[in-house]
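The following exercises ask the student to read a protein chain from its surface to its backbone. Each task is followed by a worked solution.

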Amino acid sequence: MLDKTIFVGNSGLASNKNGIQWLRQFVKNFVYTVIEIPLISIGNQLGQRGITVEYIDFTISRSFGASFRCSTQPLVREDLS
């Protein structure tokens, strides 16, 4: 959030256009603006700048009712030295 603007990432998994539209309708009486941020394009932009982006499949953890904030996934980093 920034002031009265809510930024919502759209990964197509945990969030989608229907959820964003629902949120817009829900907060419109409170004079909030909802801005959709496509997360895949952010990953592509980071990759173009030389940053390695690790995409994590949350399909399994989401099937148990967890969300991104409730999930932990192992990340193995290779020693490049």
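**Exercise 1.** State how much surface the chain exposes and what share of it carbon and sulfur atoms supply.

*Solution.* In this predicted model, the exposed surface of the chain comes to about 7,000 Å². Carbon and sulfur atoms supply 57% of that surface. As for the interior, 15% of the 81 residues count as buried.

**Exercise 2.** Describe the order of helices and strands along the chain.

*Solution.* Begin with the count: the chain has 3 helices and 2 strands. Next, read along the sequence, which gives the pattern β-α-β-α-α. Finally, consider the contacts between residues at least 6 apart in sequence: 47% of these join residues at least 24 apart.

**Exercise 3.** Identify the residues that make the nonpolar surface patch, and classify I51 as buried, partly exposed or exposed.

*Solution.* The patch, of about 300 Å², is made by L39, I42, L46 and I51. To place I51, look at the loop between α2 (39-48) and α3 (59-62). The relative accessible area of I51 is 44%. Partly exposed residues lie between the 20% and 50% cut-offs, so I51 is partly exposed.

**Exercise 4.** Where are D3 and V31 placed, and are they buried or exposed?

*Solution.* D3 lies in the segment before β1 (5-10). Although D3 is not a glycine, its phi is positive, at about 60 degrees. D3 has a relative accessible area of 72%, and is therefore exposed. V31 lies in the loop between α1 (17-27) and β2 (33-38). V31, also not a glycine, has a positive phi of about 65 degrees. With a relative accessible area of 63%, V31 is exposed.

Definitions and conventions:
Residues are numbered from 1 along each chain as its sequence is written. This is a predicted model: local features need pLDDT of at least 70, side-chain atom pairs count only at pLDDT 80 or more; totals for chains, interfaces and linings use all residues. Side-chain values use heavy atoms; hydrogens and water are left out. Patches are made of residues with over 30% relative accessible area and no salt bridge: like charges are joined within 9 Å, nonpolar side chains (Val, Leu, Ile, Met, Phe, Trp, Tyr) within 5 Å. Accessible areas come from the Shrake-Rupley method with a 1.4 Å probe; for residues, only the protein chains shown count as cover. A salt bridge is a side-chain nitrogen of Lys or Arg within 4 Å of a carboxyl oxygen of Asp or Glu. Helices (H or I, at least four residues) and strands (E, at least two) are DSSP runs, numbered from the N terminus. Buried means under 20% relative accessible area, exposed over 50%, partly exposed in between (1.4 Å probe, protein chains only). Contact means heavy atoms within 4.5 Å.
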